[in-house]
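Colleague: I am new to reading protein models, and I would like to learn how to look at helices, bends and buried residues. Could we go through one together?

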Amino acid sequence: MTSVVATQTHARGPRPNRLTPGRAGIYAFVVVSCLFFLMPLYIMVVTSFKTQDEIRMSQIFALPRDFTVQPWIEAWSSACTGVSCDGLKIGFLNSVTITVPAVILSILAGAILGYSLSLWRTKGSNLLFGLLLAGAFLPYQIFIYPLVRVYAYVSLYGTLFNIITVHVIFGLPVMTLLFRNYFASVPIELFKAARVDGAGFWRIFISIMLPLSTPMVIVAVILQVTGIWNDFLLGTVFAGQTNWPMTVQLNNIVNTTQGTRAYNVDMAATILTAAVPLTIYFLSGRWFVRGIAAGAVKG
Amino acid sequence: MARKQKRSWGATLTIIPFWVLILGAYVGTMIWTVFISMTSSKMLPNSTFVGFDQYRRLFATDRWNIAVHNIIIYGALLMMLCLVIGFLMAVMLDSRIRAEDTVRTIVLYPYAMSFIVTGLIWQWMMNPTVGLEKAMHDFGWTSFSFDWLVTSDKAIYALVIAGVWQASGLITALMLAGLRGIDQDIWKASRVDGIPTWRVYFSIVLPMMRPTIVTAVVLMSLSVIKAYDLVVALTGGGPGLSTDVPAKFIMDFFFERANIGLATAACSVLLAFVLVFFTPWFYFEYFREKKGNR
């Protein structure tokens, strides 16, 4: 009897490998769900390697019979967006030139503000934080029109500067939240010791806090690269036609084509656009989950 | 208080630009938007004050009412399905299945992709002439019908499918974190009492996960209100107006129909809605710890 009780204290340990009806049900549910989540990706990939004729003839689940990479080449370099026929490569380059500076600047801004709010006492910092939070939750539409007018007034509307600064502005709340909470968890003795040694605001930030925050920076990079790469709304409104990011180009390629649609090219283009965030996701694993948990829930 | 910060010029000087930025880009623009909504602005903003005329016009606009109706259906269904799928998935993942990490990766990957990508994938899958419907017909199931995307009274459900596919991974991750955060002694106690596992999940664990569920609902409802990209990519608001949503209504009236007054009035309605429903939650979530512990 005692031995039974003893084993039950570890009841949540590995279960025996017996397949009970309950376990079978669990596995059935899990397998069906996984199929639901994977099916679109599978169909996209197989379709993107099919020829146009084959798409008309065969059905979507079939593997390509005449394997071709032509759709990928076309999607990258010659698909038409309604304006021009240069493919997605321009959108890709635009997305890179928008994302890189926007990510760096927004993380830097968030780290500095988060550091000021968590470790230093300035007047009204709670109010500032409250306003920032509201900014994180309100729909962008509320801010968009006046921002368009302001940028137009200083003749910067529809420029690279415009879209990058807008991303920094709208990235600030979540970035600040992330760093504020992170710095608040740093042992305060570290901060005090640095103060006693005569280090000032910037010195403490650059020599102590920034090096400490590497894990948060990684999470922030994942969050921001994915978010800015996937943005559509801000890109359409603020980037201007010459700087349109990949998502906007992709939507134009797929949704404004006249005549017969080249589904294989569309699918290749879609995979290309999703490639960057997906790569980040598959490489970062747990970090990604940590990022969305931190950014979305508690900050 | 555990910490005593010193005032410093460095800190004050650093925070001033942020004040300017936040007051200008968030508060100023918000006030400006609300102000325009009280004027007779049409193509260009003017300052002829007309009170709530734009709001009266807005609520008398069929397209707006349809958009609001659509977003309620979409939001309610999306949240319900995501919560159910998310909870079940989390329970399954928590019951020591094989390849847990792989399953988790599969469930969450759609969340890494943009709404545009999600919309385009599902547009292709739900296209009756080339997508799933055709595939089923080819398999020999000729009575299979899946034409939601082109049928105006079903298109909104097509939107829900795509939305659930994208978002339920996030809810699963949240729920799983919630489940793992629950005191493991509950399990020992219930096992001693001989309560079946499924009952523990539904009668004990589920009520204990209320904070997680509230968070999930808040997050989802905020993303529902913002829903724009997915609609643009999947249906373009159609057929007709059957999948039009407030965010798209606003964008169209700003930039295509150039009716600034009506668009800003719609913005202000969203603003009021978010503030009324979510301010208590914000306060509770972010400022409550100030009072009690530490």
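Modeller: Gladly! Let us start with one helix: in H4(B), the buried residues are Glu100(B), Val103(B), Arg104(B), Ile106(B), Val107(B), Leu108(B), Tyr109(B), Pro110(B) and Ala112(B). Please keep in mind that this is a predicted model.

Colleague: How many residues does helix H4 of chain B have, and what does it reach from its first C-alpha to its last?

Modeller: Helix H4 of chain B covers residues 100-112, which is 13 residues. From first C-alpha to last it reaches 19 Å, close to the 18 Å expected at 1.5 Å a residue.

Colleague: Where in H4(B) does a kink lie?

Modeller: The kink, of about 30 degrees, is at Ile106(B), shortly before the proline Pro110(B). Ile106(B) and Pro110(B) are both among the buried residues of this helix.

Colleague: Is Leu108(B) buried or exposed?

Modeller: Leu108(B), which is found in helix H4 of chain B, has a relative accessible area of 3% and is buried. The cut-off for buried is under 20%. You can also compare sequence with space: Leu108(B) and Asp62(B) are 46 residues apart along the chain, and their C-alpha atoms are separated by 38 Å.

Colleague: What about a pair with a shorter distance in space?

Modeller: Take Ile213(B), in helix H10 (residues 210-226) of chain B. Ile213(B) and Ile171(B) are 42 residues apart in sequence and 8.9 Å apart in space, C-alpha to C-alpha. Setting aside residues up to four places away in sequence, Ile213(B) touches Leu83(B), Met175(B) and Leu206(B).

Colleague: Which residues is Ile121(B) in contact with, leaving aside its neighbours within four places in sequence?

Modeller: They come from both chains: Pro40(A), Met44(A) and Thr270(A), together with Met113(B) and Trp165(B). Ile121(B) sits in helix H5 (residues 115-125) of chain B, and at 0% relative accessibility it counts as buried.

Colleague: Now I would like to see helices with more residues. Where should I look?

Modeller: Try H7 of chain B, residues 155-180. Its 26 residues should span 38 Å at 1.5 Å a residue, and its end C-alpha atoms are 37 Å apart, which agrees. Even so, H7(B) has a kink of about 40 degrees, centred on Ala167(B). Because 23 of its 26 residues are buried, H7(B) is largely enclosed by the rest of the structure.

Colleague: And what can I find in H8 of chain A?

Modeller: Helix H8 of chain A, residues 160-184, has 25 residues and reaches 35 Å, close to the expected 36 Å. A kink of about 45 degrees lies at Leu172(A), shortly before the proline Pro173(A). With 20 of its 25 residues buried, H8(A) is largely enclosed by the rest of the structure too.

Colleague: What does chain A look like overall?

Modeller: Its secondary structure comes to 15 helices and zero strands. Of the 299 residues in chain A, 52% are buried. Among contacts between residues at least 6 apart in sequence, 70% join residues at least 24 apart.

Colleague: How do I describe two helices that pack together?

Modeller: Two packed helices are described by the angle between their axes and the distance between the axes. Here, the axes of H13 (residues 246-255) and H14 (residues 263-284) of chain A come within 10 Å and cross at roughly 170 degrees. These two helices, H13(A) and H14(A), are therefore roughly antiparallel to each other. Their contact involves several residues, including Leu250(A), Ile253(A) and Val254(A) of H13(A) and Asp266(A), Ala269(A) and Thr270(A) of H14(A).

Colleague: Is Asp266(A) buried or exposed?

Modeller: Asp266(A) is buried, with a relative accessible area of 4%. Not counting residues up to four places away in sequence, Asp266(A) touches Ile253(A), Val254(A) and Arg261(A).

Colleague: One last topic, please: how should I read phi?

Modeller: Most residues other than glycine have a negative phi. In this model, Ser155(A) has a positive phi of about 55 degrees although it is not a glycine. Ser155(A) is in the loop between helix H7 (141-153) and H8 of chain A, and at 60% relative accessibility it counts as exposed. Ala258(B), also not a glycine, has a positive phi of about 45 degrees. Its place is the loop between helix H12 (246-255) and helix H13 (260-287) of chain B.

Conventions:
Residues numbered from 1 in each chain as written. Chains lettered and ligands numbered in written order. Predicted model: local features only at pLDDT ≥ 70, side-chain atom pairs only at ≥ 80, totals over all residues. Heavy atoms only, no water. Helix = DSSP H or I, 4+ residues; strand = E, 2+ residues; numbered from the N terminus. Buried < 20%, exposed > 50% of the residue type's maximum accessible area, 1.4 Å probe, protein only. Contact = heavy atoms within 4.5 Å. Expected span 1.5 Å × (residues − 1). Bend = angle between axes of the 7 residues up to and from the residue. Axes fitted to C-alpha atoms, helices over the stretch in contact; angles between N-to-C directions. Parallel < 35°, antiparallel > 145°, perpendicular 65-115°, else oblique.
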